[in-house]
Amino acid sequence: MVKPTRVTNSIRTQREAAGLTQAELAKQVGVTRQTLIAIEQGRYSPSLELAFQISRVFRMGLDDLFHYPEA
């Protein structure tokens, strides 16, 4: 069983606000729809490069899109 990541994100909220489907966003950043689903659900942490690519689609900083608990 895969351990969920502690990194959370607001990708789904931002994606829906932008009117993008999972497939459209996945294509823009060069991953599969399944990978994007796993990231949105917190089952997978993106690489730093992918995190930057996703944040740039929404014109947001990494800290605005991805969240890591303090403790």
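R15 is buried, its relative accessible area being 7%; here buried means under 20% relative accessible area and exposed over 50%, with partly exposed in between (1.4 Å probe, protein chains only). R15 belongs to helix α1, where helices (H or I, at least four residues) and strands (E, at least two) are DSSP runs numbered from the N terminus. Leaving out residues up to four places away in sequence, R15 touches L20, T21, Q22, L25, L36, E40 and F58, a contact being heavy atoms within 4.5 Å.

A word on the model before going on. This is a predicted model in which local features need pLDDT of at least 70 and side-chain atom pairs count only at pLDDT 80 or more, while totals for chains, interfaces and linings use all residues. Residues are numbered from 1 along each chain as its sequence is written, and side-chain values use heavy atoms, with hydrogens and water left out.

**Helices α2 and α3**

Let us turn to a pair of helices. Two packed helices are described by the angle between their axes and the distance between the axes. For α2 (residues 22-29) and α3 (residues 33-40), the axes come within 8 Å and cross at roughly 105°. The axes are lines fitted to C-alpha atoms, for helices over the stretch in contact, and the angles run from 0 to 180 degrees between N-to-C directions. The crossing therefore makes α2 roughly perpendicular to α3, on a scale where angles under 35 degrees count as roughly parallel, over 145 as roughly antiparallel, 65 to 115 as roughly perpendicular and the rest as oblique. On the α2 side, the contact is made by Q22, A23, L25 and A26, and on the α3 side by R33, L36, I37 and E40. Sorted by class, this contact has five nonpolar, one polar and two charged residues. In that sorting, Ala, Val, Leu, Ile, Met, Phe, Trp, Tyr, Cys and Pro count as nonpolar, Asp, Glu, Lys and Arg as charged, and the others, Gly among them, as polar.

I37 of helix α3 is worth a visit too. I37 is buried, at 15% relative accessible area, and apart from neighbours within four places in sequence it is in contact with Q22 and R43. I37 and R12 are 25 residues apart in sequence, with 9.0 Å from C-alpha to C-alpha.

**Buried sides of α2 and α4**

The buried residues of α2 are Q22, L25, A26 and V29. Because they cover an arc of only 100° around the axis, they lie on the same side of α2; the arc is that of the directions from the helix axis to the C-beta atoms. These buried residues pack against α1 (11-17), α3 and α4. After α2 comes G30, whose phi is positive, near 80°.

In α4, the buried residues are L50, A51, I54 and S55. Their arc around the axis is only 135°, so they too sit on one side of the helix, the same side of α4. The cover over them includes α1, α2, α3, α5 (62-65) and β2 (66-67). On the face of α4 turned away from its buried side are the exposed residues L48, E49 and R56.

**The nonpolar core**

Which residues of the largest nonpolar core touch the most other members? Of its 14 residues, they are I11, L25, I54, F58 and L65. A nonpolar core here is a set of buried Ala, Val, Leu, Ile, Met, Phe, Trp, Tyr and Cys residues joined through side-chain atoms within 4.5 Å. The elements that give two or more residues to this core are α2, α3 and α4 (48-57). F58 touches I11, Q14, R15, A18, L20, L25 and L65, not counting residues up to four places away in sequence.

**Burial and exposure outside the core**

The table sets four residues side by side.

| Residue | Relative accessible area | State |
|---|---|---|
| R15 | 7% | buried |
| S10 | 18% | buried |
| A17 | 67% | exposed |
| R59 | 79% | exposed |

S10 lies in the loop between β1 (8-9) and α1. Apart from neighbours within four places in sequence, S10 is in contact with D64, L65 and H67.

A17 is placed in helix α1, whereas R59 is in the loop between α4 and α5. The C-alpha atoms of A17 and R59 are separated by 13 Å, with their positions 42 residues apart along the chain. R59 comes just after α4, and its phi, near 55°, is a positive value in a residue other than glycine.
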